[in-house]
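Biologist: Please take a close look at one part of this model, a single residue and its surroundings, and then relate that part to the cores and the pocket.

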Amino acid sequence: MNYSVKKIGQILNATTQIDSKIVTGVSFDSRKVKSGDLFVALVAENDGHDYVQQALTKGATAVLVDDRHQIDSKIPAIIVSDTLLALQQLGEYRRHQINPKVVAITGSNGKTTTKDMTSAIMGSQYKTFKTPENFNNEIGVPLTLLTMPDDTEVLVVELGMDRPGQLTTLSELVSPDIAIITMIGEAHIEFFRTRENIAKAKLEITKGLKSQGTLLVPYDEPLLTNAQVKQNVQTFGQDIKDINSSSSKTIFTYQNTRFAIPLLGRYNIMNALAAISAGILLHIELKNAAEALQHFDLTKNRTEQLTTSHGVNLISDVYNSNPTAVAAVLATLKIIPATHKYVVLGDMLELGEQAASLHACLAETVINANVDGVYLVGPLMNKYLYPILQRRFDSAHLHQYETDQLAELIKDLQTLGENGDVILLKASHGIHLENVVNALVK
């Protein structure tokens, strides 16, 4: 990014002042501003206009502000009616100026892992940029577009969703060539009521998908395979052979090519096949895709494998959780070779009126996982799952904690297990089990 204040004003059809300055980056957090940045004063819980001076002190070249706030005439500024909308418009301009091939990914589970896999595969033959961390909403997506390098050939962008219409906006913003829906689960069912409504909202990703683009969906999800969309639809996930798993990787054969991914679980094979299918559409050779997937950069806290100071293996999957995801990761835990296995489950959030039944229905899945100990965290787990598990586990093997008792949980887990044992941690991000993980691996 290398725009003058005047150029940004022209792109946004906005008023400018002190327009000779050059902008080389963008930030909406005044604490993270770097020299050369455009500081975007967003109006949310905190009003970014209150931090304009702080941003300038940190090195901001200019500020993007709205016309409802007074701004000193000596400050380099772009003045618009809505700073969020202007940020999105600027991102959209850059998307079309650089004009990379765009792969957009959404889904109830697996979208970040699929993003990481897709980026690795595309990077084997193209200059590729991907969504940083979880920048997948109305703010994060335009920031992704504005921070991608000038020479980007393939952009892999993650699109999140928690309400109807959101994916329409984001899809139209990035105008993808390929769209992937990883799966339909129960995430955000509090707002959508049914899986059918979730599927309908996820299919909004086709609103911005180019007319000659391709939508990739799992072969075993009729809510997606039977959907009526204008673009080409292809399925992924079938014709897998020779699946083998170890404590550190999953191996499978697809189209006569052997793949080994450094992740556990059949659900990650589906994520890999979504990424491989996108690669095939952009003419990536399968041997290059296989090599790329052997060692790829995985975004933190997505089925991350770690080790404690006394040799216990941790499986950290603490960014998001819902019943489908819990069942999948517990099925993976069951086949891992280890003398002892333990599971830490935190509340699954945003399940609405179905929260009680969906937490309770985990009981059979937990019991079938054949674990040696269960640690439950949060009011939902304690109220709805704990009483059922009491029938199968005694007090020495079933434990419960409130969300403000993470220190006690950490203390109990620090002495749990021996070299080679496994502890799985799974919860919605709002439970903050990442703090437990960080404490255990110090």
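Modeller: A residue counts as buried when its relative accessible area is under 20%. In this predicted model, Thr214 has a relative accessible area of 9% and is therefore buried. Thr214 belongs to strand S12, which covers residues 214–218. Its side chain makes a polar contact with the side chain of Asn232, at 3.3 Å. Asn232 also appears among the contacts of Thr214 once neighbours within four places in sequence are set aside, together with Asp177, Ile178, Ala179, Leu209, Gln234 and Leu281.

Turning to the cores, strand S11 (178–181) is one of the elements that supply at least two residues each to the largest nonpolar core. That core has 34 residues, and Ile180 is among those that touch the most other members, as are Val103, Ile180's contact partner, and Phe252. Beyond four places in sequence, Ile180 is also in contact with residues including Leu216, Phe236, Ala274 and Ala278. Helix H10 (266–281) is another contributor, and the largest share of the core, 8 residues, comes from H10. Apart from this core lies another one of 29 residues, including Ile315, Leu330, Val374 and Leu376.

As for the open space, the second largest pocket has a volume of about 820 Å³. Its lining comprises 31 residues, of which Ser27, Phe28, Asp29, Ser30 and Leu42 are the closest to its centre. Strand S4 (25–27), strand S5 (37–40) and helix H5 (140–147) are the elements that each give two or more residues to this lining, which by class holds 14 nonpolar, 9 polar and 8 charged residues.

Technical notes. Residues numbered from 1 in each chain as written. Predicted model: local features only at pLDDT ≥ 70, side-chain atom pairs only at ≥ 80, totals over all residues. Heavy atoms only, no water. 1 Å grid on protein atoms, 1.4 Å probe; cavity = no way out; pocket = protein on both sides within 12 Å on 5 of 7 lines; lining within 4 Å. Points joined across faces, edges and corners; volume = space filled by probe spheres on them. Helix = DSSP H or I, 4+ residues; strand = E, 2+ residues; numbered from the N terminus. Nonpolar A, V, L, I, M, F, W, Y, C, P; charged D, E, K, R; others polar. Buried < 20%, exposed > 50% of the residue type's maximum accessible area, 1.4 Å probe, protein only. Polar contact = N/O pair within 3.5 Å; in protein donor to acceptor, adjacent residues only side chain to side chain. Contact = heavy atoms within 4.5 Å. Core = buried A, V, L, I, M, F, W, Y, C linked by side-chain atoms within 4.5 Å.
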